[in-house]
Amino acid sequence: MRYSLLAGGKRVRPILAIAAFQMFAQGGAQAALEPVMPTALAVEMIHTMSLIHDDLPAMDDDDFRRGKPTNHMVYGEDIAILAGDAMLSYAFEYVARETRDVDPVRVLEVIRLLSNCVGPEGLAGGQVMDLESEGKTDVSLETLTWIHTHKTAALLRVSCAGGAVIGGASEDDVQRVSDFAVKIGLAFQIADDVLDVTQSTEMLGKTAGKDEATNKATYPRLLGLEGSRQQAERLVAEAKECLAPYGERSKNLLALADFIINRSN
Ligand code: GRG
């Protein structure tokens, strides 16, 4: 668990949770971060669990992740599966046990959101559809969007929604940041697909071009590189619109939206 969790990574999901929390918490950017940290850590644990499982031979069969050999390459498949399982359950325990100074109803709502994003309406459902579409040449843009709304965007959505809930946001506020997050989640995946094509091989632990080399549907395959970039930019512009009512308060989330499509890894 420590090997994969502490291997690095951009920490995009916890940073989103913190930025969303600060939008609604009393004190804004000056608010103490303790109440949101268990949620921020939980989304990173769930993300890392999904990476460990995604890299397994039965799934994407990757040898490197975050610049290091994948979990199963070091510890074997049996331990890698269990490390992922353990980290998943630990994430929920951590939120329940460590969240302080927050209404328990809000903590329960975060646990509900987290559970939802892992299950059939989230990571697991998206991954199943992804695996089932492998090798097919007729995957539509609609199906690809469904896959990544569940496989990638769902966890970004719960990162933002969870942070907002802990910060005291209203239902309308949570809906707005969720809409924002789904759009940047899709843009994030498009950027990932574009980087997969454009980066040179074996960079930062990621075998560039792997999805291209395998028979996976990707955005560049469906839209071309330029079309994919334009689609990502459109999504980020729409995402920013969702936060228009918040003005200056949303500046960190807006900056993260820009980072997501301008990143180099
Ligand atoms: C076991 C219940 C259960 C579910 C897991 C394996 C799986 C189901 C889902 C796969 C989800 C997955 C790996 C999606 C890819 C998301 C993605 C774009 C990952 C890369 O994220 P970055 O760039 O990585 O934020 P770093 O390393 O920077 O954190």
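I'll start with one pair of helices: helix H2, residues 12-24, packs against H8 at an angle of about 35°, and their axes are 7 Å apart. Keep in mind that this is a predicted model. The crossing of H2 past H8 is right-handed. On the H2 side, the residues that meet H8 are Arg13, Leu16, Ala17, Ile18, Ala19, Ala20, Phe21, Met23 and Phe24. On the H8 side they are Leu155, Leu156, Ser159, Cys160, Gly162, Gly163, Ala164, Ile166 and Gly167. Sorted by class, the contact of H2 with H8 has 13 nonpolar residues, 4 polar and 1 charged.

Now a step back to the whole chain. The protein has 12 helices and 2 strands. Along the sequence, the order is α-α-α-β-β-α-α-α-α-α-α-α-α-α, so you meet three helices, then the two strands, then helices to the end. The C-alpha atoms fill a box of roughly 50 × 40 × 30 Å along the principal axes. What radius of gyration would a compact globule with 265 residues have? The figure is near 18 Å, and the protein has 18 Å, which agrees.

Back to helix pairs. Two packed helices are described by the angle between their axes and the distance between the axes.

Next are H5, residues 77-98, and H6, residues 104-118. Their axes come within 10 Å and cross at roughly 165°. H5 and H6 are therefore roughly antiparallel to each other, and their crossing is right-handed. H5 contributes Leu88, Ala91, Phe92, Val95 and Ala96 to the contact, while H6 contributes Val107, Val110, Ile111, Leu114 and Val118. What classes of residue are found in the contact of H5 with H6? There are 10 nonpolar residues, no polar and no charged ones.

The third pair is H9 with H11, where H11 covers residues 219-242. These two pack at an angle of about 155°, with axes 8 Å apart. That makes H9 roughly antiparallel to H11. The crossing of H9 and H11 is left-handed. Among the contact residues of H9 are Arg176, Asp179, Phe180, Lys183 and Ile184, and H11 answers with residues including Tyr219, Pro220, Leu225, Ser228 and Arg229. Further along, the contact includes Val194 and Val197 of H9 and Ala239 and Cys242 of H11. By class, the contact of H9 with H11 divides into 16 nonpolar, 2 polar and 6 charged residues.

Last, the ligand. How many residues surround the ligand? There are 18, and the closest are Gly9, Lys10, Ser50, Asp54 and Gln127. The elements that give two or more residues to this shell are H3 (37-54), H7 (123-133), H8 (141-167) and H9 (171-198). H3 gives the most, with 5 residues. The shell around the ligand has 6 nonpolar, 7 polar and 5 charged residues.

Two of the helices from the pairs come back here: H8, which packs with H2, and H9, which packs with H11, are both among the elements that give two or more residues to the shell.

Methods
Residues numbered from 1 in each chain as written. Predicted model: local features only at pLDDT ≥ 70, side-chain atom pairs only at ≥ 80, totals over all residues. Near = placed C-beta within 6 Å. Helix = DSSP H or I, 4+ residues; strand = E, 2+ residues; numbered from the N terminus. Nonpolar A, V, L, I, M, F, W, Y, C, P; charged D, E, K, R; others polar. Axes fitted to C-alpha atoms, helices over the stretch in contact; angles between N-to-C directions. Parallel < 35°, antiparallel > 145°, perpendicular 65-115°, else oblique. Left-handed = near helix turned anticlockwise from the far one by under 90°. Contact = placed C-beta atoms within 7 Å. Rg over C-alpha atoms; globule rule 2.2 N^0.38 Å.
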